[in-house]
Structures are given as C-alpha cells and as structure tokens.
Amino acid sequence: MCRQLLGVLALRANTTLATDWLVDALWPGSPPRSAESNLRSYLADIRRVLPGWLTSGPNGLVLRAAPDQLDVLAFCREIDLARGLSGAAAAASYGRALAYWRGPVLDGLPIPEAVRIEAQVLEDRRLDVTEDWCAARLEAGHDPDLINELQALVERAPLRERRWQLLMLAQYRSGRQADALAGFRRLQGILDDELGVEPSPQTIELHRRIQRGDPELASRSTVPRQLPSTGPHLVGRKSALDGLSDALPGVAVVSGMAGVGKTALAIHWARAAAAEYPDGCLYVDLRGYGPGQPVEPAEVLAGFLRAFGVTDQPTEVTELAARYRTELGGRRVLVVLDNARDVSQVRPLLPGTGGVLVTSRDALAGLVARDGAKRIDLDVLTRDDSLRLLQSMAAGVVEQDPAAADELVRLCGRLPLALCIVAELVVARSAGSLRGLVTGLTDEHLRLDRLTAGGDQATGVRSVFSWSVKSLPDGPAKAFGLLGAHPARDLALPAVAALLDADPFETADWLDALHRAHLVTVDGDRYGMHDLLRAYARDLTAPELQSAAIARLTSHYLRTASTAMDLLYPGEFDARPRVAAGLETRFSGIAEADDWFAAEIPALVAVAGLAAELTGPDTETDSAGLLADMVWRHMFVKGFGAEAMALHGSARRAAQARHDPAAEATAVKHLASTNYLNGDNQQARQLCEEALGLCRLAGDRIGEGGNLVNLGLMCWILGDPRAALEYQVAALAIQRELGNRLAEGHILLNIGLLDFVQGRTRKARSMYEAALVINREVGDPYGEYLTLDSLGSVLLRLGRSQEALDRHQASVAICHTLGSEPGQLSGRRALAVALTSLGRYDEAADHLRVVLEVMAATGHRELARALNDLANLDRARGDLLAASTHHDEAVALARQDSDRYLEVEILNDSALTLDARGNHERAMVCRATVQELAAEIGAYYELVRATRQGVVPAQ
C-alpha cells in the first residue's frame with residue numbers, strides 16, 4: 001500500500017493533496033477505521049526513504065520534486081523542450097523522453113480510481129510522443145531503423161492512422177513507393193473490417209500524392225531545394241536523359257556548345273529525379289562562360305554549407321571542401337553545377353556521395369579521366385525534334401508552311417535557344433509570315449552566311465537575337481541593351497529600374513515584354529539573362545551608355561544599402577559613408593532590411609567588382625570602396641566570409657587604381673576584420689599593420705584610430721597584452737580628440753576586456769559600465785549587446801550571479817532583435833554559466849544541450865569554451881568523471897585553435913575537478929602548466945588562480 005501511495009503522490013507531484021482525498025484514493029468507498037493512522041505511517045516511511053520530498057501545509061501535503069528526480073516530470077520536460085526544436089535535435093529530445101519509460105504507469109501496482117485518468121493520459125501521451133519521435137526522425141533523415149520500427153508500431157496499434165502515415169512517407173522517401181501504396185490498402189481493409197470507416201482525408205491525400213510520385217513529398221522544410229524552375233519545352237533528348245539516369249548517382253557531365261540546352265536538360269532531369277534525393281538538391285550557376293569572373297569554389301562551398309545551416313565556416317578552400325564533404329557524407333543529395341569553366345572550378349565541389357550533375361561548354365576531360373565522371377555530349381537537336389519544338393511552342397507553325405519551317409530550322413542551326421526565340425516571334429506575329437522571317441534571317445546584312453554554310457552557330461544565334469530585339473518596342477529594346485551591363489546572375493525589379501533610369505511600373509512592363517520574347521528569365525521576383533543574350537546585349541550598347549547604367553545601378557545599391565544599414569545598425573549612422581537621398585527601396589522594418597541583404601549580397605559583390613574594373617586614376621567616385629565600407633558591418637555580423645573577401649578585395653583594387661591611400665587603408669582594414677572572422681589571425685594582424693601605415697601616409701586620423709583598435713585586438717588574441725593595451729589607449733586618445741563617441745564606446749569595451757583577462761576585474765567593470773552608457777547614448781545595439789555580455793562575465797567573477805544573469809539575458813534579447821545567430825548562441829552559453837553559479841543546474845543543462853548540438857554540428861569556434869562550461873556544470877552536480885572527460889575534450893580543442901587564453905582557463909578548471917577527484921598530483925601539473933603559459937601571455941587572472949588554488953612542486 002505504501003508503494004501505491006507513493007505512486008499516487010508521484011502522479012500528482014507538486015500538487016497539494018488533502019488528507020481526506022488521499023484516504024479515498026487508497027481505500028475507495030469504505031476506508032477502515034485505521035485509514036488515517038495507516039496513512040500517517042506510510043507517509044513516515046516515505047519521508048525516511050525520500051527526506052525533504054514531502055511538505056505539509058494547512059490544505060494538505062505536497063510531494064516536491066524536480067524534473068531530474070521524477071521520471072514523469074523529466075518526461076514532460078523533454079517533451080516541452082522537443083516542441084521548440086526540429087529535425088535531429090527534436091528527435092534526440094523525444095528519444096530522451098521515451099527513455100524514462102520502463103513499463104506501464106505504476107507497473108505492477110493496482111491503479112487507484114482517483115488517478116486512473118492521469119495514468120491513462122500519460123499512457124496516451126506516451127503513444128503520441130512515440131509518433132512525434134518517429135516524425136522528427138523522419139524529418140532529420142538518415143535513420144535506417146525507422147521503417148522497421150514503424151512497421152512494429154502499426155502492428156501493435158493498427159487503428160492509429162498517424163503511424164500508417166509515417167510508415168507510408170518513410171517508405172516513399174526510401175524509394176519504396178510500392179510498399180507505401182500496399183500499406184494504404186492494408187489500412188483501408190483494417191478500418192473497414194474493424195470500424196466500417198474509410199481512412200481520414202489526410203491519409204487519403206498522402207496516398208494520392210505518393211501514387212502520383214509527388215517530388216515535393218520527398219522534401220522536408222530543413223532540406224535545401226535550390227533547383228530553378230524550368231519551362232515545359234524540352235523536346236527529344238531521350239538518350240541523354242537515359243544516360244543521366246544510368247550515370248547518377250555518381251558524377252555526370254553534360255557538355256556542348258552555348259545555347260544547346262545543357263541547363264534545360266540538367267534541370268529537367270534533376271526535377272524529375274528529385275524524389276530519389278530526399279536530403280536535398282543544390283544548384284549553382286558557376287558563370288564559367290559569361291560576363292564577369294567565374295564563381296570561386298570557396299564562394300560556392302560557403303553558400304552550399306549555409307544551405308545546410310552551417311554558418312561558422314573555415315576560410316581556406318581545402319578546409320571548406322572537407323567540411324562540405326563531411327556535411328554531405330552519407331546523404332542522398334543531388335548537386336547541379338551549371339555552366340562550369342574548367343575542372344579546377346568543379347573538383348572542390350564534388351562531395352564524394354550522392355549525385356553530381358555538371359554542365360559545361362568544356363569537355364572536362366580531367367573530370368572523366370580522374371574522377372570517373374560519365375560525359376554526355378549534347379549536340380543540336382535533330383531536324384524532327386527541332387520541328388517538334390517549334391510546334392510545341394507555336395501551335396500550327398509547321399503545318400502553316402512546312403517548307404519554310406524546315407528552312408527556319410536549318411537557319412537556326414537546330415539550336416534550341418534560337419528556336420525558342422524564333423517561336424516566340426511567330427506567336428507574337430511581330431515577324432510577319434513564316435516565309436518573311438526566313439527571308440529576313442538569310443539577309444547577308446545580318447551576316448548569316450556562316451550559319452547557312454554550317455559555320456559558327458554562335459554568330460547565327462546573334463542573328464536570331466537581332467530579329468528578336470528588332471521586333472521589340474523602343475522601351476523593351478532599350479532595356480534589353482542595358483540589361484547586358486549588369487554583372488550578376490540576376491537582379492530585382494528596383495535594381496532594374498535604376499539600371500534603366502525608368503520608373504518601376506514602366507520597367508515591369510518592359511521586363512514582361514522581354515520575358516514573353518524569351519530574352520529574360522524570371523525566378524520569383526528576380527530577373528536574369530542567358531549568358532549569350534547578355535553578351536549580345538552588351539554589343540548593342542555603346543560603352544558610355546553601359547558605364548552610365550552601371551553608375552546608376554551602383555548608386556541605387558549604395559542608397560538602398562544605406563537605408564538598410566541605418567535600420568539594422570542605427571548607432572553607426574555617423575560612422576558610415578553618407579550618400580545623397582534618392583528613390584531607394586524602403587523597408588518596413590529590420591527583418592525586411594535583413595532579407596534584402598540576404599538576396600542582394602551576390603549582386604553587391606558583383607557590382608563592386610565591375611566598379612573596380614572600371615575605376616582609373618581620374619575616376620571621381622570610388623563606388624566600389626563606398627559600397628564595401630557601407631556594408632562591412634553586416635557582412636561581418638552575418639559571417640559572409642568568402643563574399644566579404646571578394647567585396648573588400650575589389651575595394652582595394654579600386655583604391656589602388658585611384659592612387660588613394662586613405663581609401664586603400666579602409667579596404668585593408670575590412671580585409672583584416674574578414675581574415676579575423678575567417679580565423680586567420682596572423683594575416684589579420686599583418687593587414688592591420690599595413691592599414692595603419694596607409695592611414696598615416698594619408699594623414700587620416702579617423703582611419704588611424706580605427707586601425708589602432710583592430711591592431712590592439714589582434715595583439716591581444718595573439719598573446720601580446722601589453723602591446724594590445726598600448727594600441728587601445730592610443731586609439732582612445734584619437735577618438736576623444738575627434739569626438740567620436742561611438743568608437744570611444746567600442747574602445748572602452750576593448751580596454752575592459754584586457755583588464756578582465758589580466759585580473760583587474762573592478763577596473764574592467766568600470767570600463768564596461770562607461771562603454772554601456774555610450775552605447776545607449778548613441779543608439780548602438782551591436783555594442784550594447786557585447787558590453788552587456790562582458791558585464792555579465794565581470795559580475796559573475798565578483799560573485800553577483802543574479803545580476804550577471806540579468807545582463808546576459810538582456811544581451812541575448814538584443815541579439816534576437818538584431819537577428820545575430822552567433823550572438824544568440826554565445827549568449828545562451830553565457831546564460832548557462834550564470835545559471836550554474838546560481839545552482840539552477842537543469843536550466844543550465846538545457847541551454848548547454850542546445851548550444852553544444854549546434855556548435856558541434858557547425859564546428860563553432862566557441863565549442864571548446866562550451867565543453868568547458870559543461871565540465872564545470874558536471875563538477876557542480878558531482879559527476880566528476882564526466883567533468884574530467886569534458887575538460888580534456890575542451891583543452892584539446894583550445895590547443896587545436898591556438899587559443900592560449902582559453903587553454904589556461906580550462907586547465908585551471910580542470911585542476912579543480914582533479915582535486916575534487918583526489919588526484920592532486922595531476923592537478924598540480926595542470927597548475928604548473930598554467931603558471932608558465934599565463935605568465936608568457938599575460939593572463940594574470942588565471943596566473944593568480946593557479947597560484948592560489950595549489951602549490952606548484954619545486955622543480
């Protein structure tokens with residue numbers, strides 16, 4: 001009976017229960033006279049076994065328990081945590097929740113009627129959570145046991161339809177469409193036999209989609225699906241499509257001349273095969289042939305990794321490629337590399353698993369010989385397929401004049417791109433009769449002699465383009481010529497309007513006309529152009545008109561970027577270049593401004609690169625430098641490492657072309673920051689020194705102050721705190737002389753950081769508080785969140801844990817508003833440290849669990865620190881063996897990252913754990929290492945810790 005009472009109390013844990021209610025629960029109907037006496041005896045037994053768990057009050061008694069003390073509470077806690085997660089993280093949390101079940105509720109005991117409903121609710125919740133767990137595993141993918149487990153679950157409870165839905169979906173995503181359909185038929189039979197009903201509408205809809213092979217069903221919200229849309233006019237190509245099916249998974253190369261339909265074939269096949277690649281489809285236009293420079297492999301790898309949620313990335317292409325292969329290892333992902341220049345551009349992008357489909361005008365023989373690629377050489381269409389293509393796009397054209405249609409196919413060289421444009425001309429009737437179009441194309445003034453002789457078909461395409469453009473009204477024709485000046489893959493309507501010097505409504509009409517004529521492509525709200533068309537458009541437009549168009553476009557990007565930056569970083573308003581107001585894009589708020597940057601970063605980088613190419617000694621405005629300086633903070637905060645290197649590299653080239661040392665210093669300063677972001681601290685320091693010299697050469701005091709700050713930070717990171725402090729103090733003097741309050745706040749924060757690591761804790765707090773006043777005075781949320789985070793660390797060291805927690809919570813809230821994911825992650829780690837010091841171990845563990853999952857998955861630079869925080873939490877909870885294990889992992893990572901400050905901190909913490917385990921000898925060795933290393937790098941606080949914690953043996 002005592003065990004039954006304990007079970008009742010556990011089911012109603014943390015709830016006040018009246019004595020009479022407990023008596024009725026244990027002895028329903030007619031309790032014995034000794035019931036209350038027996039109850040007191042049972043309660044006394046429970047208090048002896050579980051001291052402190054039972055508390056009495058005027059209204060009854062309560063079983064007080066925390067989630068880590070009671071399975072039912074831990075189960076509910078893990079469920080609540082899982083509800084806020086997705087994919088693998090949610091699956092892990094659901095799995096932990098189910099692990100608390102070791103049998104039915106109150107296994108082996110009769111369940112009192114008073115708590116029977118609670119027990120049944122728990123059992124039902126267990127069933128629901130089991131299905132939630134399977135759903136999360138299905139979303140995460142890569143679970144070979146899931147189908148077998150779902151099959152067992154449906155056998156156990158065949159009337160729970162959701163289990164059948166999950167099983168059908170899992171089978172479909174694993175390529176077992178027939179099994180999924182058979183499962184539906186079996187469910188139909190069971191429901192009909194047992195209940196006389198049909199499956200639910202949701203199950204019927206799932207069956208319908210599986211039956212038709214819906215490729216979207218194979219995707220998950222967290223899976224990248226980057227394939228662009230494709231038109232319905234792929235004709236023929238059966239042997240090529242079959243060849244791709246035979247070659248993939250693996251590596252396949254589609255090669256052929258420009259305009260032959262390589263991209264159309266690749267996208268058509270990829271979209272049809274998408275269901276076979278449940279883990280995602282990646283796509284990139286490598287711009288191997290076209291305006292501007294081919295896309296660097298590092299830029300592509302950075303984008304692909306971001307598509308899988310990897311934001312903390314290395315900078316070297318070899319490291320990026322290794323990370324990319326690791327991320328895609330074991331996944332079925334299709335990678336489409338369109339318009340490749342050569343083998344060297346493609347090889348770093350091969351993941352080693354899944355399928356890779358490459359298109360190129362080059363044969364890529366090295367890829368075939370060394371990497372085992374299967375090449376499919378795509379030729380022009382056959383005569384019959386060419387006529388079918390014309391017929392499919394312009395119904396009745398072949399029947400109207402078969403001979404003329406045949407001649408048209410010949411004049412177009414059976415090139416799909418040319419045939420599509422001609423078909424549109426016929427549909428629009430802008431070319432007159434079919435025979436008239438043929439006559440025009442054979443005119444020698446259009447230089448079609450080579451095409452009619454079977455020569456250079458690119459020239460023939462040029463002739464077809466000329467007819468297409470001549471048929472346009474003046475506005476769209478002008479737009480076509482100027483669009484060729486744009487260097488990026490695509491652009492949005494406001495950017496097109498700026499390029500054309502036209503209002504958005506007129507621009508939209510012109511673009512619509514160009515789209516109908518197959519002269520531009522549309523993908524969502526962005527407009528692009530085939531590389532041959534762009535090259536032809538450039539040839540139509542005078543260089544001075546192109547230069548003016550690029551100037552307008554750059555001005556548009558400058559104004560719009562300025563508006564976005566003012567919203568995102570208002571505190572730095574006066575620190576950024578200012579541009580004249582104009583018809584820039586307006587934003588409804590921070591989120592929309594952030595989305596604009598996400599879409600336009602490639603265009604900003606491309607425009608800056610072209611502006612740099614056009615810059616000379618007499619160029620009046622340094623557009624590339626202005627644009628780079630305008631957006632550098634956002635590039636840094638969001639972690640656009642590869643793109644920032646390209647942008648600031650263009651800015652430096654432009655400054656050198658203008659012989660402008662001040663502008664070059666700014667570009668070099670941003671390159672230094674980007675190298676720091678990418679983890680190359682030595683190169684960052686070298687660039688800081690170079691930028692400082694350029695500023696002094698130019699007499700630029702503002703730039704000199706900024707570069708002194710950066711140089712000081714790099715000296716601190718590289719273990720030279722004295723030099724670091726000297727540079728910061730010198731920078732502070734300059735900024736106060738200039739009245740730059742924003743920069744003064746940042747420098748005070750830096751000086752506080754140096755004081756903090758050297759043990760001057762109260763002085764550090766004073767510096768941080770002074771910085772915080774300035775942050776808030778100038779409206780600098782970026783500086784404010786960093787300062788609040790630093791203040792939290794100081795207060796924690798001073799033993800004021802609750803105040804520290806308050807500061808860290810405020811810092812995380814600002815990061816959330818700014819959309820800074822790295823800041824939120826670091827902030828949650830700091831929250832865990834503060835919560836540990838307050839004894840709120842479960843909350844600390846919850847934060848660290850999420851932080852470590854993300855950091856481990858992304859290779860985050862603070863992973864070593866987070867592991868050490870977990871070790872300190874383990875020690876606080878008494879799990880000393882786990883603590884030592886996590887300390888060892890953390891110190892290994894710190895040494896791998898050459899972070900010597902963190903290394904000495906971890907070693908000091910590890911010594912505390914070793915002492916707690918009674919291993920004083922190893923603890924003394926740790927502290928000896930700390931004393932030697934801390935003295936070398938100036939980490940005086942850790943040096944004092946090591947000295948006070950233990951005595952180093954005589955040498």
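1. Let's start with Leu-195. In this predicted model, Leu-195 is found in the loop that runs between α9 (177-194) and α10 (201-211). Is this leucine buried or exposed? Leu-195 is exposed, because its relative accessible area is 53% and the cut-off for that label is over 50%. Leu-195 also has partners on the surface: together with Leu-159 and Val-197 it forms a nonpolar patch. The accessible area of these three residues together is about 260 Å².

2. Now step back to the whole protein. The chain has 955 residues, and buried ones make up 52% of them. You can look for 46 helices and 10 strands in the protein. Along its principal axes, the C-alpha trace spans about 115 × 85 × 50 Å. The protein exposes about 41400 Å², with carbon and sulfur atoms supplying 52% of that area. Take the contacts with a separation of 6 or more: residues 24 or more positions apart account for 63% of them.

3. Arginine carries a charge, so where do you find Arg-765, and is it buried or exposed? Arg-765 lies in helix α37, which covers residues 761-778. This arginine is buried, because its relative accessible area is 18% and buried means under 20%. Setting aside neighbours within four places in sequence, the contacts of Arg-765 are Leu-791, Val-794, Leu-795, Leu-798 and Arg-800.

4. Next come the aromatic rings. How many aromatic pairs are there? The count comes to 10. In one of them, the rings of Trp-27 and Tyr-42 have centres 6.4 Å apart and planes at 25°, so this pair is stacked. Trp-27 lies in the loop between α2 (19-26) and α3 (35-49), while Tyr-42 is in helix α3, so the pair ties together parts that are 15 residues apart in sequence. Both partners are buried: Trp-27 has a relative accessible area of 12%, and Tyr-42 has one of 18%. Elsewhere, Tyr-557, Phe-587, Trp-596 and Phe-597 form one aromatic cluster.

5. Rings can have charged company too. Find Trp-133 and you will see the charged end of Arg-137 sitting over its ring, 4.2 Å from the centre. A second example is Arg-797, which lies over the face of Phe-756 at 3.6 Å from the ring centre.

6. Salt bridges deserve a careful look, since the structure holds 53 of them. In one, Arg-160 pairs with Asp-128, and the closest N and O atoms are 2.7 Å apart. This pair links distant parts of the chain, 32 residues apart: Arg-160 is in the loop between α7 (146-156) and α8 (161-173), and Asp-128 is in helix α6 (residues 116-140). Arg-160 is partly exposed, at 24% relative accessible area, and Asp-128 counts as partly exposed at 36%.

7. Another salt bridge joins Glu-905 and Arg-865, with 3.1 Å between the closest N and O atoms. Which helices does this pair link? Glu-905 is in helix α44 (residues 900-916) and Arg-865 is in helix α42 (residues 863-877), so the two residues sit 40 apart in the chain. Glu-905 counts as partly exposed at 22% relative accessibility, and Arg-865 does too at 23%.

8. The salt bridge of Arg-895 and Glu-903 is a nice one for practising the burial labels. Their side chains meet at 2.8 Å, N to O. Which label does each partner get? Arg-895 counts as partly exposed, because its relative accessibility is 45%. Glu-903 has a value of 9% and therefore counts as buried, since that label means under 20%.

9. Finally, salt bridges can join up into a network. Here Arg-77, Glu-78, Arg-96, Asp-842, Asp-846, Arg-849 and Arg-877 are linked in one. Try selecting these residues in the viewer and tracing how acidic and basic side chains come together in the network.

How values were computed. Residues numbered from 1 in each chain as written. Predicted model: local features only at pLDDT ≥ 70, side-chain atom pairs only at ≥ 80, totals over all residues. Heavy atoms only, no water. Patch = residues over 30% accessible without salt bridge, like charges linked within 9 Å, V, L, I, M, F, W, Y side chains within 5 Å. Areas by Shrake-Rupley, 256 points an atom, 1.4 Å probe, with all protein chains shown as cover. Salt bridge = Lys/Arg side-chain N within 4 Å of Asp/Glu carboxyl O. Helix = DSSP H or I, 4+ residues; strand = E, 2+ residues; numbered from the N terminus. Buried < 20%, exposed > 50% of the residue type's maximum accessible area, 1.4 Å probe, protein only. Contact = heavy atoms within 4.5 Å. Phe/Tyr/Trp six-rings, centres within 6.5 Å; stacked < 30°, edge-to-face > 60°. Lys NZ or Arg CZ within 6 Å of the ring centre and 35° of its normal.
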